[in-house]
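Look at the sequence and the structure together. The text below walks through them part by part.

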Amino acid sequence: MLVLRAILLSLACLFCLAAGAVERRFVLRDYLNQSWSRELVTFTFTEKAGACHQDSLALTGPDGPQAMQLSEVVLWPHSSSIKSAKVSFIADVAPLGTSTYALSYGRRAIARQEPRTDLVVVRRP
């Protein structure tokens with residue numbers, strides 16, 4: 001099962017690279033020998049005009065697709081392209097361990113794999 005997951009993740013990465021996707025990595029490390037479980041973390045990112053379509057974002061964590069939330073989103077004028085935003089997600093880090101999360105995006109909207117979650121989101125106009 002682990003080998004299959006690695007192969008699928010590799011294929012997904014190749015597909016993203018072929019589509020011109022960008023990946024930003026967030027590396028979390030513990031230096032205090034403390035377990036960090038279900039911690040809310042937030043990172044700010046900025047991007048050039050046209051490089052990050054607002055419907056292309058996907059977050060991958062150590063266990064696969066990860067739920068995330070964008071806030072303080074600023075779009076480039078007259079486009080669906082993100083100029084800057086904050087991305088927030090729940091993270092875990094083992095004592096003296098490292099956890100890596102990758103935010104990927106591209107110029108076009110994509111259909112993304114939904115992360116496993118018990119959260120139900122309802123959009124209202």
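This is a predicted model, and confidence varies along the chain: among its elements, helix α1 (residues 2–18) has the lowest mean pLDDT, 44, while strand β6 (residues 82–93) has the highest, 95. Over residues 1–19 the pLDDT is below 50, and beyond near neighbours in sequence this stretch has three contacts in the model. The protein chain as a whole averages a pLDDT of 82, with 78% of the residues scoring at least 70.

Next comes a sheet. Four strands form an open sheet in the order β1-β7-β3-β4, and their pairing is antiparallel. At the edges are β1 (22–29) and β4 (64–66), each of which pairs on one side only. From one strand to the next, the twist averages 30 degrees.

Within this sheet, consider the pair formed by β1 and β7. Strand β7 covers residues 98–105, runs antiparallel to β1 and is joined to β1 by eight bridges. Along this pair, Arg-25 stands opposite Ala-102 in β7.

Now turn to a loop. Between β2 (36–46) and β3 (58–61), the loop contains Ser-56. Is Ser-56 buried or exposed? Its relative accessible area is 2%, and buried means under 20%, so Ser-56 counts as buried.

What does the side chain of Ser-56 reach at 3.0 Å? The partner is the backbone nitrogen of Gly-106. A polar atom of the Ser-56 side chain also lies 2.7 Å from the backbone oxygen of His-53. The side chain of this buried residue therefore has polar backbone atoms of Gly-106 and His-53 beside it.

Methods:
Residues are numbered from 1 along each chain as its sequence is written. This is a predicted model: local features need pLDDT of at least 70, side-chain atom pairs count only at pLDDT 80 or more; totals for chains, interfaces and linings use all residues. Side-chain values use heavy atoms; hydrogens and water are left out. Helices (H or I, at least four residues) and strands (E, at least two) are DSSP runs, numbered from the N terminus. Buried means under 20% relative accessible area, exposed over 50%, partly exposed in between (1.4 Å probe, protein chains only). A polar contact is a pair of N or O atoms within 3.5 Å; within protein, one must be able to donate a hydrogen and the other to accept it, and residues adjacent in sequence count only if both atoms are side-chain atoms. Two strands pair if DSSP finds at least two bridges between them. Axes are lines fitted to C-alpha atoms, for helices over the stretch in contact, and angles run from 0 to 180 degrees between N-to-C directions. pLDDT is the predictor's confidence in each residue, from 0 to 100. Contact means heavy atoms within 4.5 Å.
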